[in-house]
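Colleague: I'm new to this structure and would love a close look at a single part of it. Could you walk me through the space inside?

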Amino acid sequence: MKFSMIRAALHRGWLFLANLSMQKKLIVIFVFLISLPITYVSYLSARSTLESVLQNATNNAAQMTTNVSDTIDSYVADLKRYTVLPLYNKDVQYYLEQKVTNWDKNVSISMFLSYLSHTKEEITAVYLVDKFGAVFYDKNTTINELYPYEQRGQWNNLIRNNGSSPILTGKHTIRVNLSESKDVFSVVRTVKSASTLKDIGIIVFDTDTNMFNEILDPVNQVTRGSSIIVDTQGSILFASKNSSFDPSKQLKNLMQKVKAPRGSFQSEIEGHSYLTVYTVSSVTGWVTLVNIPQSHILSSFEQNRSALIVTTLIIIGFALCVATVISYALTKPLKSMVRLMKQVQRGNLGVSLNPKYNDEIGLLGSQFNRMITRIKDLLEEVSLTEKRKQKADMRALQSQINPHFIYNTLESIRMLAESNDDPRVAELTYLLGLQMRYSIVRSEETVTIAQELDHVRNYFQLLQIRFPGKFELMIDVPDVFLDLPVLKLVFQPIVENAVFHGLEKKAGTGLLTITAWYEQDTALFSVADNGVGMNKETLAALNQSLRSSDTGEKFGIGLRNVNERICLHYGYSYGLQVDSTSGVGTVVTLRIDGLSKTTQMNNIG
């Protein structure tokens, strides 16, 4: 009993699944049941790993940067403490106030400076200036000569109005050994008299900036990055030589992101991603930045991610195989339909399909049966239509005979006129042949404005042969309009209407002018004559006839035919507009689609 219930439940579940659309079957089996959860879990895992790796790298780099900054602060603090020592040395206090420099003064001060310069090996030189401007110094053994008097003016500027507090300078260059120079930073302080507390001298420590390399090199080796120290003036105090980019060019962008005493940010430098960790010293105000390539940080993550992707693809591939097997079983009815279609293709219309389910395949089978029935009906209709078409083709072939007969006859007349030395008749016959060929033989639905204007010129040559000196034509159409596509035979009927209803009735020579201009994407053409014009009632009736497609014969069929063809092709916002003044002339304005239509048609072509 229990087994039969399970079997019945499975059967009902199968029927439910089978009656779903084929698309829903594949989505449920493949995406929601297997692929989507696995892909989502893999994504979350990769993102969590990435965030963890970046966070750990940031924390480690921040700790190392803080240690570096503390080490530098401790070093600078020691130098500042050393600047207080002259206050406690009686001999130095005494000699700084002595104007005369003798052997005892030199020996005493030199021994004191020698002691100070050997307290730290990175110290380049220690200077002591007495009350009267004499400079005494002790230098590093690698330096043969110093030029302290070149710096004395700068020292005086630094200590002016600064009291007795030590002053820390940024990186600057001092001259050593005549042609050599060295980058140093300095600690400058005023020496006070222990008894009177008056200024009796200046003490200066110059320290080689290369000392930062020894402090930062271990950090750079661990992070595979580069370090920069920026002083309070925004200048580079020190930059690692292993930097993969020019620090001076990127310094402004990096410093703009320094907003807090310490922190980190990510940046793109010369096409590479970097994690920058910084610390601002509360003692010196210097900013220490460590730029770590993210490629180094994420190298281990990339390996784990590749393994994760491969595993996910294997699982999805397995799911795809399972879904393929199931979909094959579900689409088996389609194969039956394909076999029946092949029989229909061979001409057997007596087949039918018996669908079992109500899904898309079942509906398709029902429609297939209806289609076979409809095909049988259509075959009978096609047979009757083919017979009608044969009769129509015969009439079309017959109608083509007459134009060719007329062309050949006109050509014979032209040749006869030339042989009889009658050039006017020959030219008239030639132009008439061109007019008929353009109007009838050309089968293109559209031509260019240039072709239409050539047709108008040929028509006017006919008129000038017939009515010498009666009509003049002036065409002022910019070149930008000449390649614009337009329906064939839109200008000639307008020109003909102007000639025979306006200019022919005018005394003297009549002038017809064709111009063009743009209004946004609409091309406007004006066909103006200085003929007899028309009164307001006639003009209103003519425009009403164009708008209502009146089929009456009052105004003929030329303008109405052109207007209706333009409206059908371009839309009813285009067409003809007639303006006229009795005794002055008539202007017919033609509106068609302009440059936008030209571009579209060229793209299609």
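Colleague: How much space lies in the largest cavity?

Modeller: Happy to help! Please keep in mind that this is a predicted model. The largest cavity holds about 30 Å³ of space, and a search of the whole structure turns up one cavity of 30 Å³ or more. Rolling a probe the size of a water molecule over the atoms shows where empty space is left.

Now for the walls. The residues lining the largest cavity are Gln-151, Gln-154, Trp-155, Leu-158, Thr-169, His-172 and Ser-186. Helix α5, which covers residues 149-159, gives the most to this lining, with four residues. Sorted by class, the lining has five polar residues, two nonpolar ones and no charged ones.

For some context, here are two places elsewhere in the sequence. Tyr-127 sits in strand β1, residues 123-129. Tyr-127 counts as buried because its relative accessibility is 0%, under the 20% cut-off. Its side chain makes a polar contact with the side chain of Asp-206, at 3.2 Å. Tyr-127 and Phe-205 are 78 residues apart in sequence, yet their C-alpha atoms are 6.6 Å apart in space.

Ser-227 belongs to strand β7, residues 226-230. With 1% relative accessibility, Ser-227 counts as buried too. The side chains of Ser-227 and Asn-220 make a polar contact at 2.6 Å. Beyond its neighbours within four places in sequence, Ser-227 is in contact with several residues, including Leu-216, Phe-238, Leu-289 and Val-290.

Notes. Residues numbered from 1 in each chain as written. Predicted model: local features only at pLDDT ≥ 70, side-chain atom pairs only at ≥ 80, totals over all residues. Heavy atoms only, no water. 1 Å grid on protein atoms, 1.4 Å probe; cavity = no way out; pocket = protein on both sides within 12 Å on 5 of 7 lines; lining within 4 Å. Points joined across faces, edges and corners; volume = space filled by probe spheres on them. Helix = DSSP H or I, 4+ residues; strand = E, 2+ residues; numbered from the N terminus. Nonpolar A, V, L, I, M, F, W, Y, C, P; charged D, E, K, R; others polar. Buried < 20%, exposed > 50% of the residue type's maximum accessible area, 1.4 Å probe, protein only. Polar contact = N/O pair within 3.5 Å; in protein donor to acceptor, adjacent residues only side chain to side chain. Contact = heavy atoms within 4.5 Å.
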